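Visitor: I would like a close look at one part of this structure, the sheets of one chain and what surrounds them. Please take me through it step by step.

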Amino acid sequence: MLNIIKMAARNLRRYLRRTLLTSALITMGVVSVLLFVSVSGSFKAMMVGQITDSMLGHLQIHGKGYLSSMDNLPMNMNLTGKQVTKVQEILDSNKAVESYSMRIKFGAMFSNYNETTNIRLNAVDPEQELKTVPLLADRILEGEKEGLLLPGEILIPELIAKGMKVAIGDSVVLVATNKDGSVNGQPFTVRGILEGISGPGGRDGYVGLADARSLLRMEEQEISEIAIRLTNPDQMKGVFGQLESALGEFKNKKDKPVFEIHTWEKISPFFNIAQMIDLMTFFIKIMLVAIVLVSIMNVMIMAVYERINEIGTIAAIGTGPGKILALFLTEGLLLGLLGTAIGVSISLIAIMTMNATQISFDFGRQQGLLLAPTIGAGDVITISIIVIGIAVLGSLQPAWKASRMDPIEALRHV
Amino acid sequence: MPLVAARNLTKTYISGDIEVKAIRGVDFTIEPASFVSFVGPSGSGKSTLLNMIGCLDPPSSGSLEVVGQDVTSLSARDSARFRGDHIGFIFQDFNLIPVLTVFENIEYPLQMVQNWPVEQRQHRVQELLAAVGMEGQGNKRPSQISGGQKQRVAVARALASKAKLILADEPTANLDRVTAFKIIDLMKKMRDEFGTSFVFSTHDPKVVENAEIIYTLEDGKILQ
């Protein structure tokens, strides 16, 4: 076998132009895919980061059935103080949980003393909220970002600020109905204006938890939602399983689960876009496979055609069909290895260069976003194995043809 | 024991409804260390006969023993192995592999067919380069040497694996008179030195007058 490898390598070296052409095609394919995967992965990671780190967190816990009724912001499905304590115990004992934030979600009437409109609100503990969704402060378009909120202050969504002509420092009134049906009103000072983002809660305002409890006249420490930030988002599926199992032990009197837990993927519509990015990546990979397959097959068919006389000669002097097959397959394998090695090297250098030069771009209102392409070892290995495998597959038909050639016919070929 | 023994050997090609009898029941033997020539006009069956002796084409009927083995029904793989072990080939167009050097062309059957160790291969190739008068030319490509030199390299390649039988199909057809005589002298010298039998198909008088045994073919039959 070593002799076959040596001979194949020598043939590739001697048929240099053909070798360079084919490996260049393979290299181009590998570079295109690796760069696309790394850049699209960077966009995806950035978008996912925006959603999880500025709004949703990685996981969310609600009372059973809350999520399906979320549009109504049902107060009667809030978690009770006892239930919240149990969840806190579970979360505090899990080392993968970096932080969590308790939220009361409710609807209210928003008045600037001249006009009134509806507003959806999240009541949060500012310190815990910033630990759990640290990019929330970056969504504040106008106003003080430090500390997020003080008692009596409100962050309002940009659309309401514009529509109601409300500015920073203005006094506004929130009027809300509590779960007993009584109505209460409370004045707030506008602390900041929030950029809206797509997805549930993306156009909500923010107030402090204590203010919300006062407005809603809550006697108990009720909570609508617990957003969770994980130390390592890659462990999300595993932690989800652990928490789901731990929370599943709590049943109501009808023996039904008390809690429900969801990953951000279940909650945000962006997950579908992320899946589309994955699908596009998959199709790009298929295109790469096609490029490599066609180029290798083309070159190997030409190689066999140009070398018919040579094949006849080596067959006549005793090279068996198996060795001829192995020789051409090895040439395909080495072409694949060469093209892939160069392609991977160029791609890694290009990715490092992009990271070193800190290319920035604007996306919507977000300016100066850094392009930070990364590629995992798993992706590099998978793509390399696919390309090399396809290179061998592309050589199979021409190699088979060469090995089955009649030596007499081949020797007559001019 | 003869090196090659053929009895009532036939070869018929069928192309559609047409049946072409290329060899029509020939008998002959070839002894070790002999210099044999099959002569005759084009289409007389010389190349077909050489192809059958060389296990490149199976006979249609009759018996054919080469180096003591019945070769009438070998598979493609066994034929290749048999050729690699026992038979060397010299072609009219030299058929050197263009991308390999002179040295590598001679080394090829030792490396790819018989799997000789590197040192033994190199020693054998150097020995053959000297034997065919091509010392110092090992690094040249076939395109850098003359026709006569190419045929010398082809002789060396045929001898490389120590085959007892070398088949040469019109070996001097593409050579000038002086070079052709030099190649014939070389082959005779190799026969004397290594005890190898050379079997030619030719209609070149230069080869014929140097052959020790001559079989004349006409319409697929041996005349004498």
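Guide: A nonpolar core is a set of buried Ala, Val, Leu, Ile, Met, Phe, Trp, Tyr and Cys residues joined through C-beta atoms within 7 Å. A residue is buried if 20 or more other C-beta atoms lie within 10 Å of its own. This is a predicted model, and its largest nonpolar core has 104 residues. The residues with the most contacts inside that core are A:Val387, B:Ile106, B:Val155, B:Ala156, B:Leu165, B:Leu167 and B:Val199. Helix H11 of chain A, residues 321–357, gives the most to this core, with 9 residues.

Several of those names lead to a sheet in chain B. That sheet is open, has 6 strands in the order E6-E7-E8-E3-E9-E10, and its pairing is mixed. Strand E6 (87–90) and strand E10 (221–222) of chain B stand at the edges, each with a single partner strand, so one side of each is left without a neighbour in the sheet.

Start at the E6 edge. E6(B) pairs with strand E7 of chain B, residues 165–169, in the parallel sense over 4 bridges. Within E7(B), B:Leu165 stands opposite B:Ile87, and B:Leu165 is also one of the residues with the most contacts inside the core. Moving along the order, E7(B) and E8(B) pair in the parallel sense over 5 bridges. One position to look for is B:Ala168, whose bridge partner in E8(B) is B:Phe200. On the other side, strand E3 of chain B, residues 35–39, runs parallel to E8(B) and is joined to it by 5 bridges. Here the bridge partner of B:Val39 in E8(B) is B:Thr202.

Now look at strand E8 itself, residues 197–202 of chain B. Of its 6 residues, 6 are buried, so the strand is largely enclosed by the rest of the structure. In a regular strand the side chains alternate between the two faces of the sheet. In E8(B), B:Ser197, B:Val199 and B:Ser201 point one way, while B:Phe198, B:Phe200 and B:Thr202 point the other way, and all are buried.

Another residue with many contacts in the core is worth tracing. Leaving aside its neighbours within four places in sequence, B:Val155 is in contact with B:Ile90, B:Val132, B:Leu186, B:Met187 and B:Met190. Apart from this core lies another, of 58 residues, among them A:Leu56, A:Leu121, A:Leu215 and A:Ala227.

Chain B has a further open sheet, in which 4 strands follow the order E2-E1-E4-E5 with antiparallel pairing. Its edges are strand E2 (18–30) and strand E5 (69–70) of chain B, each with a single partner strand, so one side of each is left without a neighbour in the sheet. Strand E4 of chain B, residues 61–66, pairs with E5(B) over 2 bridges in the antiparallel sense. One of these positions is B:Glu65, whose bridge partner in E5(B) is B:Asp70. Helix H1 of chain B, residues 46–53, lies across strands E1 (4–15), E2 and E4 of chain B, and runs at about 115° to E1(B).

Last comes the contact between the chains, which takes 19 residues from chain B and 20 residues from chain A. On the chain B side, helix H2 (76–86) and helix H3 (102–113) are the elements that give two or more residues. H2(B) supplies the largest share, 6 residues. By class, the chain B side divides into 10 nonpolar, 5 polar and 4 charged residues.

Key
Residues are numbered from 1 along each chain as its sequence is written. Chains are lettered from A and ligands numbered from 1 in the order in which they are written. This is a predicted model: local features need pLDDT of at least 70, side-chain atom pairs count only at pLDDT 80 or more; totals for chains, interfaces and linings use all residues. Two residues are in contact if their C-beta atoms, placed from the backbone, lie within 7 Å. Ala, Val, Leu, Ile, Met, Phe, Trp, Tyr, Cys and Pro count as nonpolar, Asp, Glu, Lys and Arg as charged, and the others, Gly among them, as polar. Two strands pair if DSSP finds at least two bridges between them. Axes are lines fitted to C-alpha atoms, for helices over the stretch in contact, and angles run from 0 to 180 degrees between N-to-C directions. A residue is buried if 20 or more other C-beta atoms lie within 10 Å of its own, exposed if 12 or fewer, and partly exposed in between; C-beta atoms are placed from the backbone.
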